[in-house]
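The following exercises concern a structure that is shown below. Each task is followed by a solution that proceeds step by step.

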Amino acid sequence: MSEYLLESRNLSMDFPIGHGKRLHAVSEVSLQIREGEILGLVGESGCGKSTLGRTLIRLLQPTGGELFFRGENVTKLRERDFRPYRRQMQMIFQDPYASLDPRMDVRALIAEPLQTHHVCATAAEMTARVLELMEAVGLPGEFLHRYPHQFSGGQRQRIGIARAIALDPALIVCDEPVSALDVSVQNQILNLLKELRDRKHLTYLFISHDLSVVRFLADRVCVMFLGRICEIAPTASLYEKPLHPYTRFLLNAVPKCDPHARSEETALLTGEVPSPVEVPSGCPFHTRCPYADAHCQSDRPALRTLGDHAVACHRAEKLLQ
Amino acid sequence: MEEKNVLEIRQLRTSFFTRRGEIRAVDDVSLDVREGAITGIVGESGCGKSMTARSILRLLKYPGRLIGGEVLLDGRDLTKLTEKEMSAVRGGEISMIFQEPMTSLNPVMRVGRQVEEALRLHRRLSAREAREQAVAMLAAVGIAEPEKRARCYPHELSGGMRQRVMIAMAMICKPRLLIADEPTTALDVTVQAQILRLMKELRDNGTSILLISHDLGVIAQVCDYVYVMYAGRIVEHAEVCELFDHPTHPYTRGLLGAVSSLESGSNTLQTIPGVVPNLLHLPAGCAFSLRCGECRKGCAEHLPALRACAPGHEVRCHRIGEVNA
């Protein structure tokens with residue numbers, strides 16, 4: 001068996017957008033997710049992080065590259081043969097308002113995955129399992145027959161989490177699960193996700209644009225820019241010693257919750273994110289990077305190991321000094 | 001130095017009259033916006049911060065209604081003005097920018113023309129003068145190639161660029177006050193940092209700003225003075241460093257604790273138990289009593305008044321003095 005739970009090799013996801021053009025949402029991503037870890041995936045809107053999350057569990061069929069689940073190549077499996085793997089990979093969505101059917105009550109919502117995969121033999125067994133799941137995510141059992149509109153955003157997200165863990169999956173892709181929530185409630189959900197990981201030995205791919213949320217939860221963090229990985233490193237190391245210039249700008253741009261530490265002089269990133277339809281030659285970041293030289297414009301940097309980081313930058317060593 | 005207020009809100013009340021009862025979105029809010037400073041209102045969704053801003057400009061939609069209080073702009077009460085007089089205030093003396101620039105811009109009108117619009121409404125200028133001023137304003141808010149961009153439609157611009165256009169529209173008539181309602185919430189962090197820097201430049205050039213945000217980081221970085229709202233009421237206000245150094249209301253302390261436990265990398269995050277209360281069913285007393293760890297007998301029955309706990313620092317809590325941080 002492989003040491004990785006999920007691995008992608010040169011995974012790409014393009015979308016045709018008419019006139020013979022293609023939008024390169026994810027390009028040649030090679031990524032390993034280890035059993036039991038929380039891998040954070042960060043980047044700005046449009047960088048391809050959600051598309052990557054969906055492609056990794058084949059909610060989108062990749063247009064290039066290969067996917068391995070516990071060492072087995074699952075890229076080209078037919079839907080019927082892929083089904084046992086589906087049970088192992090679940091997803092939690094961002095918007096707890098849009099992702100729950102308003103006409104289903106809590107029991108029906110949480111029972112849905114159990115029915116799809118024929119897990120419970122009797123209705124009584126099903127109800128017992130649903131109640132068990134509700135308890136696990138901190139929802140009182142008396143809410144069993146309530147409907148989504150009767151819940152707050154945080155409680156709805158708990159329903160979404162109960163659905164995701166219903167089948168005892170190995171991997172959960174969490175796509176911005178707390179972005180729609182207020183801070184006071186956000187932290188309750190983050191604590192719950194962490195506790196569930198420890199108790200049920202889950203593995204998460206945690207997608208977020210919020211760097212402080214990822215810092216709390218993730219064991220390793222992967223930074224994306226324009227469909228490609230620019231840096232992967234253990235969380236503490238990435239936040240303390242970012243190597244890729246984009247990672248540095250991203251970390252510097254987070255407003256610190258301290259009026260005494262105002263970033264008046266910090267250099268800000270200028271310009272705009274290039275279009276994923278016409279990706280710049282060479283390093284995709286070179287049009288905004290203050291350190292870019294001729295080499296960066298012509299040659300695309302590969303992801304290479306530097307200490308405990310993997311970084312896609314020609315000049316990473318120079319910038320370290 | 002004597003502090004002058006551009007805007008003074010006194011005991012403002014705004015309610016929504018629904019079939020299920022009266023919702024007090026803004027309940028007895030008094031607030032000062034100082035000249036040449038950034039005053040912030042912070043709170044979670046539904047706390048009434050946006051409704052306070054809309055009440056200032058009387059931009060309330062049915063069934064919302066302003067039912068009491070005064071809004072004094074340089075001493076003139078805006079709640080007493082006729083609708084026609086109010087139109088001259090909106091966009092002229094007070095202007096506002098919103099969270100989502102795409103929905104606030106007209107998609108079928110070139111952005112240059114949208115920036116000129118306020119000028120032609122409020123000042124009698126020739127088309128050429130208006131065009132020149134609009135282009136100069138676009139340049140002033142940091143848009144490269146302003147002549148070219150002025151001829152673009154909103155969909156041709158990025159989110160950060162659109163928000164700059166919104167700010168240009170708001171600033172074109174040199175308003176006394178700029179109200180910014182979550183101006184960076186829809187933007188990425190690197191673009192947010194650019195827009196926040198622009199807001200500080202506007203402030204340094206003498207613009208008074210009322211900034212509404214749910215993000216304590218944004219508030220800490222740009223505001224000079226902060227009001228914290230909860231369930232339609234102001235629960236605490238102070239100068240920014242005083243507020244972050246000595247948060248006193250249990251809600252403010254909970255919010256700051258929640259954010260700083262994220263930043264500090266602790267193992268379990270600090271939370272505020274429970275959920276934001278339904279505004280239809282608020283307790284008679286302190287609205288935070290349902291979630292408050294310091295709640296004692298009487299808190300839920302009697303409404304605490306705003307009381308000073310330090311110079312310029314007021315808190316709405318029965319237990320100040322006892323539970324000081």
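**Exercise 1.** State in which loop of chain B the residue B:Pro63 lies, and describe the peptide bond that joins B:Tyr62 and B:Pro63.

*Solution.* The model is a predicted one.
Step 1. B:Pro63 is found in the loop between helix H1 (49-56) and strand E4 (64-73) of chain B.
Step 2. The peptide bond joining B:Tyr62 and B:Pro63 is cis, with omega about 5 degrees.

**Exercise 2.** Locate A:Arg58 and B:Glu145, and determine for each whether it is buried, partly exposed or exposed.

*Solution.*
Step 1. A:Arg58 has its place in the loop between helix H1 (49-56) and E4 of chain A. Its phi is near 55 degrees, a positive value in a residue other than glycine.
Step 2. A residue is buried if 20 or more other C-beta atoms lie within 10 Å of its own, and exposed if 12 or fewer do. For A:Arg58 there are 18 other C-beta atoms within 10 Å, so A:Arg58 is partly exposed.
Step 3. B:Glu145 belongs to the loop between helix H5 (127-140) and helix H6 (146-150) of chain B. Phi of B:Glu145 is near 50 degrees, and this positive value again occurs in a residue other than glycine.
Step 4. B:Glu145 has 10 C-beta neighbours inside 10 Å and therefore counts as exposed.

**Exercise 3.** Give the strand order of the open sheet E2-E1-E4-E5 type in chain A, and explain why strand E2 and strand E5 of chain A each have one side without a neighbour in the sheet.

*Solution.*
Step 1. The open sheet of chain A has four strands in the order E2-E1-E4-E5, with antiparallel pairing.
Step 2. Strand E2 (22-34) and strand E5 (72-73) of chain A stand at the edges; each has a single partner strand, so one side of each is left without a neighbour in the sheet.
Step 3. Strand E4 (residues 64-69) of chain A is joined to E5(A) by two bridges, and these strands run antiparallel. A:Phe68 has A:Asn73 in E5(A) as its bridge partner.

**Exercise 4.** Describe the surroundings of A:Phe69: is it buried or exposed, and with which residues is it in contact, leaving aside its neighbours within four places in sequence?

*Solution.*
Step 1. A:Phe69 lies in strand E4 of chain A.
Step 2. Because 24 other C-beta atoms lie within 10 Å, A:Phe69 is buried.
Step 3. When neighbours within four places in sequence are left aside, A:Phe69 is in contact with A:Leu6, A:Val74 and A:Tyr85.
Step 4. A:Phe69 and A:Pro84 are 15 residues apart in sequence, and their C-alpha atoms are 11 Å apart in space.

**Exercise 5.** For strand E6 of chain A and strand E6 of chain B, state which residues point to each side and how the strand is joined to E7.

*Solution.*
Step 1. In a regular strand the side chains alternate between the two faces of the sheet.
Step 2. In strand E6 (residues 89-92) of chain A, A:Met89 and A:Met91 are on one side, with A:Gln90 and A:Ile92 on the other; all are buried, and both faces are thus covered.
Step 3. Four bridges connect E6(A) with strand E7 (residues 171-175) of chain A, and the two run parallel. The bridge partner of A:Ile92 in E7(A) is A:Cys174.
Step 4. From strand E6 (residues 94-97) of chain B, B:Ile94 and B:Met96 point one way, while B:Ser95 and B:Ile97 point the other way; all are buried.
Step 5. E6(B) is joined by four bridges to strand E7 (residues 177-181) of chain B, in parallel. B:Leu178 in E7(B) stands opposite B:Ser95.

**Exercise 6.** Describe the two domains of chain B and the contact between them.

*Solution.*
Step 1. The domain assignment gives domain 1 (5-93 + 175-316) and domain 2 (104-173) of chain B.
Step 2. The centres of these domains, taken over C-alpha atoms, are separated by 29 Å.
Step 3. In the contact, 13 residues of domain 1 of chain B meet 12 residues of domain 2 of chain B.
Step 4. On the domain 1 side, helix H8 (residues 189-204) of chain B gives the most, with five residues. By class, this side has 10 nonpolar, three polar and no charged residues.

Note on methods: Residues numbered from 1 in each chain as written. Chains lettered and ligands numbered in written order. Predicted model: local features only at pLDDT ≥ 70, side-chain atom pairs only at ≥ 80, totals over all residues. Pairing = 2+ DSSP bridges. Domains from an automatic or database assignment. Contact = placed C-beta atoms within 7 Å. Nonpolar A, V, L, I, M, F, W, Y, C, P; charged D, E, K, R; others polar.
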